[in-house]
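Please open the structure in a viewer and keep the selection panel at hand. The tour below proceeds by selection, stating at each stop what is to be found there.

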Amino acid sequence: MANRTGTAQRPNGQTQGKICQFKLVLLGESAVGKSSLVLRFVKGQFHEYQESTIGAAFLTQTICLDDTTVKFEIWDTAGQERYHSLAPMYYRGAQAAIVVYDITNQDTFGRAKTWVKELQRQASPTIVIALAGNKQDLANKRMVEYEEAQTYADENGLLFMETSAKTAMNVNDIFLAIAKKLPKNEQNTGQAGNAQGRRLTEGDTGPRAAGNCCK
Amino acid sequence: MTVDMPVSLLKNPELKFGAITFFAKQHKGDTCGSNGLPLTPNSIIIVGNAQLLKTIKSPFLCDFLDIIRGKHERTIVVSQYCGTPLAKIIDKHVLTHLQIKKIAYQALKGLSVLHKLDIVHRNLSNENILRQENGDIKLFNYGLYHMTNRGALVSFPVLEVLYTAPEVYLSGFDSGHVDKKVDIWSLGQRIRKILSLLQVNTSIFEKIAREHNCYEVYLNLPADLKELIELCLNIYPSKRLSCEELLDKLYFNEFRDIQEQKKMWEPFEVFSIQELYYWWQLAGGDVFQELKKQGLIRSSPPILSLPSLVLIEGTLLGQDRNPATLYDPRIVEMPLETLYQRFIHIPITAFYPLIHSKSDIISSSDPPPYDATGLPLVIKEKDPEYQFHRVILFRRLLHGYPFTKDLIRQEAEKDIPPLLRGDVWSALLNVPQGYERDYMRLDKYSHTTTDRQIEVDIPRCHQYNELLSSTQGHKKLKRILKAWVYKNSQYVYWQGLDSLTAPFLYLNFNDEAKAFACLSNFIPRYLHKFFLKDNTVVIEEYLAKFSQLISFHDPQLANHLHDINFDPKLFAIPWILTLFSHVFPLYKILHLWDKLLLCDASFPLHIGLSILTQLRDRLLTSGFNECILLFSDLPEVDIEKCVIASMQTYQSTPRSITSREHENEQFYKKNDLDIRGVTLEELKKESCPRISAADIINTVRKNPDKILLIDIRNTTLFHRSCVKGSVNIPFSSVSFNETVLDNLGTHSSLIKSKGDKVVAIIGDCETDLERFPNFLLQCNVSRVCVLHGDFNRFTSVIPTILTSGTTN
């Protein structure tokens with residue numbers, strides 16, 4: 001099963017393969033399940049009453065892909081529209097993004113489209129974007145059709161999956177799909193130790209830039 | 001026998017309590033609500049509903065004390081329980097007609113209190129009417145129907161079969177028949193029962209009397225009593241009279257006058273049964289254990305509750321119905337002996353602590369106060385005797401609010417008794433009289449664009465807490481948030497406001513208006529402008545001050561965080577925006593805010609600093625990723641240590657170090673010698689904080705040995721005039737190539753041996769006020785700050801702190 005990432009985390013000390021690090025950001029309307037997806041992916045847990053995220057949270061997870069070890073540095077952002085001004089700080093310099101919506105709420109799908117547009121405009125042009133229709137376990141209350149989202153994803157060149165953080169459905173798969181799609185060239189390898197911190201924030205052109213975005 | 005005196009205050013026959021227990025209905029399997037969240041357990045809904053009962057005060061009702069949840073939806077209700085049930089009395093004695101009338105009157109008084117709150121007793125029986133030694137009665141177990149959503153949350157019917165009104169049977173038990181008049185029927189039946197008679201022709205009463213071969217007794221009844229019962233037993237609820245109507249009857253006049261003279265004020269209670277119950281618990285009282293001891297709670301091996309078959313979607317089959325899920329009307333009285341023993345040595349004077357004007361003679365005759373100083377806070381909060389003294393004292397002080405405001409603050413500095421925390425907090429927050437009216441006026445219901453956000457946030461806000469996760473809790477929180485947004489149109493709802501409100505609601509669960517008033521006074525004091533639609537500058541200024549405060553107290557840590565690019569913006573936004581209420585569980589927030597409320601808006605910065613200090617070793621040895629991971633999953637923080645450390649830095653830091661442009665000037669008055677007009681751009685460039693001329697003047701005058709003034713102007717200017725005690729290190733003389741203190745020449749030893757002195761750098765427009773302090777910071781010199789403005793600030797100060805610099 002895909003959710004046994006524990007083994008992937010420690011690849012038996014074999015380091016002959018490449019190690020790649022990617023910065024990934026989660027975006028989407030609040031309460032669609034961004035934090036839950038990350039928590040499921042990173043810790044294999046699910047909390048019914050997952051607290052709201054203020055500002056952002058940072059987590060990491062490593063997965064193995066053939067002979068490559070992929071380390072995700074995940075920024076889980078706040079969903080409320082008001083925190084929008086902080087978002088560029090997190091998605092700037094990100095190699096991947098998961099835009100999440102809630103399949104039981106049409107508005108959140110609309111919001112997801114806005115995020116995709118913003119990423120296409122403002123983020124790195126090579127960014128890999130995945131669209132996640134979360135809360136698949138509530139499919140009987142579905143308001144966003146699978147086909148509708150799939151069509152939209154195809155038109156915009158996005159990866160697309162319906163996920164459920166609660167049942168773990170497609171959670172690891174969507175991260176895995178992103179990992180496959182990411183370029184594993186020299187640029188992303190071998191940045192261990194202290195360098196990673198610097199690299200991570202280099203993309204951030206400073207708080208002033210972030211502040212301007214909200215105007 | 002003086003020792004008996006105080007205990008007799010506790011040994012009041014009415015100050016006794018008992019408990020009943022039942023099971024709430026269990027949800028079947030893993031069911032989810034329409035929002036995908038699991039359904040709230042019925043026992044939690046009951047806990048939320050039951051809180052209202054705590055507010056009910058009537059001499060004819062037993063005080064409701066507590067509701068406790070056990071495993072598997074077990075629910076325990078603790079309430080005052082004193083006197084003898086009527087059922088027992090009428091077995092042995094015949095009551096006079098006058099006594100019966102009085103009982104009827106008092107029961108109606110009790111019921112009318114309930115009915116005004118839309119609470120239906122539904123359970124009125126002679127078991128639930130307790131006669132006190134003085135002949136008065138108290139109604140017991142009146143809350144069951146209300147707390148169980150009219151019986152819907154339990155699997156047994158809430159009624160007394162014999163006494164229940166006909167319409168209840170007609171409409172079925174589950175239809176949630178609301179009419180309060182069912183209680184009136186029960187009352188009528190009950191009085192009839194007391195008379196043990198029965199029959200008739202036209203009236204129900206007569207009929208019942210005949211059926212029971214008691215027609216004789218019926219005929220001999222005084223007319224008024226007969227009328228009363230007949231009024232009560234009208235089979236049409238619409239024609240049956242209400243409590244108020246019945247109470248108006250002339251034949252109750254004789255009881256009315258004695259008890260209803262309008263009192264000028266409520267008599268002062270030295271302590272209440274709620275407090276007794278609290279001390280009893282602290283002294284080891286455990287309701288759960290008592291119920292176990294008396295056999296009301298029996299645990300069976302878990303294996304016996306296994307079902308025979310579980311279907312894949314979670315349906316359970318072949319599970320024996322536990323007979324314990326049926327209603328067991330037994331009441332267990334709680335033994336108070338341990339508490340009496342524990343408090344036996346407390347002198348009577350302790351019940352009446354003197355607050356004002358203690359003369360020496362009186363105070364020397366007082367026994368020494370119970371000493372708990374130096375004990376950890378958690379121990380003090382669990383010490384029954386200490387809490388006894390604190391509660392008695394605070395209750396008295398709160399009684400005198402607002403005139404005792406200063407005394408309350410003074411005592412709160414020691415600690416705040418958890419039982420009275422809600423009231424103490426609102427006193428510390430200056431909640432004004434008449435706060436209820438203000439709240440009542442606000443629109444809490446109209447639909448707004450913020451509703452969706454509030455609705456998705458509430459079910460995630462401190463849901464481990466029973467009160468906040470209950471249905472009532474959700475409704476109340478929503479109303480408070482909507483009212484706040486409505487009232488503060490200049491502000492908007494930011495996620496986090498829910499967490500910020502949670503502690504106030506938790507403490508004032510039965511006084512929504514007070515929770516709202518606390519929040520309304522709290523935000524201007526501590527989070528001024530934070531909830532503006534665009535709060536970027538406010539937050540950025542705050543974060544910049546936070547970085548500077550770290551540099552000020554812990555340069556080594558500040559340098560490390562700077563080196564790894566670890567900006568407070570990445571982790572401290574939830575800290576400051578919610579004042580840690582989104583970061584810590586409630587019990588920690590309470591202790592943290594106990595101190596916050598005694599300090600000003602700069603205190604949260606010190607709390608933040610103390611958290612970093614606790615994690616210091618790990619931070620210093622970690623790179624960026626490890627650091628940020630640490631904060632995304634914050635390890636256990638010792639809150640008492642955190643509070644002590646933040647108090648220390650708060651008290652030892654000149655106030656202007658944390659001065660902000662966006663501070664609320666209502667609470668922090670600034671004058672010309674304070675810091676003003678610093679732009680965000682300037683602030684962000686400065687690694688070391690500024691200090692105001694006012695703070696330097698103060699320190700030089702009062703504690704000159706607490707400050708090291710370094711004047712970096714050129715020697716000529718310095719010799720012409722300088723601040724007393726300052727040293728001159730001309731800016732131009734320093735080589736900044738290496739970060740070695742020795743480069744400063746002869747004065748370097750002064751800095752090295754400065755201890756915890758503040759190092760204030762004084763310059764003028766000719767000097768670079770960034771490189772020098774940065775240099776000191778890089779050399780890990782602590783408490784470095786820069787005079788806001790320049791040297792000339794001091795020239796006009798009278799009396800002067802200047803001297804000619806020749807002495808140096």
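The stops that follow move from one chain to the contact between chains, and then to individual elements and residues. The model is a predicted one.

**Stop 1: chain A.** Select chain A and display it as a cartoon. Chain A holds 8 helices and 6 strands. Traced along the sequence, these elements come in the order α-β-α-β-β-α-β-α-β-α-β-α-α-α. Of its 215 residues, 57% count as buried. Among contacts in chain A between residues at least 6 apart in sequence, 76% link residues at least 24 apart.

**Stop 2: the contact between the chains.** Next, select the residues of each chain that touch the other. Chain B contributes 42 residues to the contact and chain A contributes 45 residues. On the chain B side, B:Arg460, B:Gln495 and B:Asn625 lose the most area to chain A, together 17% of what that side buries. Taken together, the two chains bury about 3,700 Å², of which 54% is on carbon and sulfur atoms.

How many salt bridges are counted between chain B and chain A? The count is 2 salt bridges. To view a salt bridge of this contact, show the side chains of B:Arg452 and A:Glu29, whose closest N and O atoms are 3.7 Å apart.

**Stop 3: the domains of chain B.** Colour chain B by domain: domain 1 (9-80 + 267-333), domain 2 (95-144 + 156-259), domain 3 (366-424), domain 4 (435-526), domain 5 (536-658) and domain 6 (688-803). Between domain 3 of chain B and domain 6 of chain B, the C-alpha centres lie 44 Å apart.

**Stop 4: two annotated spans.** Select residues 415-600 of chain B, which an unreviewed UniProt entry annotates as "domain: Rab-GAP TBC". This span is 60% helix and 0% strand, and its end C-alpha atoms lie 18 Å apart. Then select residues 703-803 of chain B, for which the UniProt annotation, also from an unreviewed entry, reads "domain: Rhodanese". Over residues 703-803 of chain B, helix accounts for 19% and strand for 20%, with the end C-alpha atoms 17 Å apart.

**Stop 5: helix H31 of chain B.** Select residues 603-614 of chain B. Helix H31 has 12 residues and reaches 17 Å from its first C-alpha to its last, close to the 16 Å expected at 1.5 Å a residue. Is H31(B) mostly covered or mostly exposed? H31(B) is mostly covered, with 10 of its 12 residues buried; among them are B:Phe603, B:Leu605, B:His606 and B:Leu612.

**Stop 6: cis peptide bonds.** Centre the view on B:Pro402, in the loop between helix H18 (384-399) and helix H19 (405-412) of chain B. The peptide bond joining B:Tyr401 and B:Pro402 is cis, with omega about 10 degrees. Move next to B:Pro799, in the loop between strand S15 (784-787) and strand S16 (802-803) of chain B. The bond from B:Ile798 to B:Pro799 is cis, with omega near -10 degrees.

**Stop 7: positive phi angles.** Select B:Lys529, in the loop between helix H26 (512-526) and helix H27 (536-553) of chain B. B:Lys529 is not a glycine, yet its phi is positive, about 70 degrees. Its relative accessible area of 27% makes B:Lys529 partly exposed. Finally, select B:Arg783, in the loop between helix H39 (771-778) and S15 of chain B. B:Arg783 has a positive phi of about 60 degrees, although it is not a glycine. B:Arg783 counts as buried, because its relative accessible area is 13%, and buried means under 20%.

Methods:
Residues are numbered from 1 along each chain as its sequence is written. Chains are lettered from A and ligands numbered from 1 in the order in which they are written. This is a predicted model: local features need pLDDT of at least 70, side-chain atom pairs count only at pLDDT 80 or more; totals for chains, interfaces and linings use all residues. Side-chain values use heavy atoms; hydrogens and water are left out. UniProt positions are given in the numbering used here, feature names are shortened, and annotations may be inferred rather than shown by experiment. Helices (H or I, at least four residues) and strands (E, at least two) are DSSP runs, numbered from the N terminus. Domain bounds come from an automatic or database domain assignment. The expected span of a helix is 1.5 Å times one less than its number of residues. Buried means under 20% relative accessible area, exposed over 50%, partly exposed in between (1.4 Å probe, protein chains only). Contact means heavy atoms within 4.5 Å. Buried area is the accessible area (1.4 Å probe) that two parts lose on being put together, summed over both. A salt bridge is a side-chain nitrogen of Lys or Arg within 4 Å of a carboxyl oxygen of Asp or Glu.
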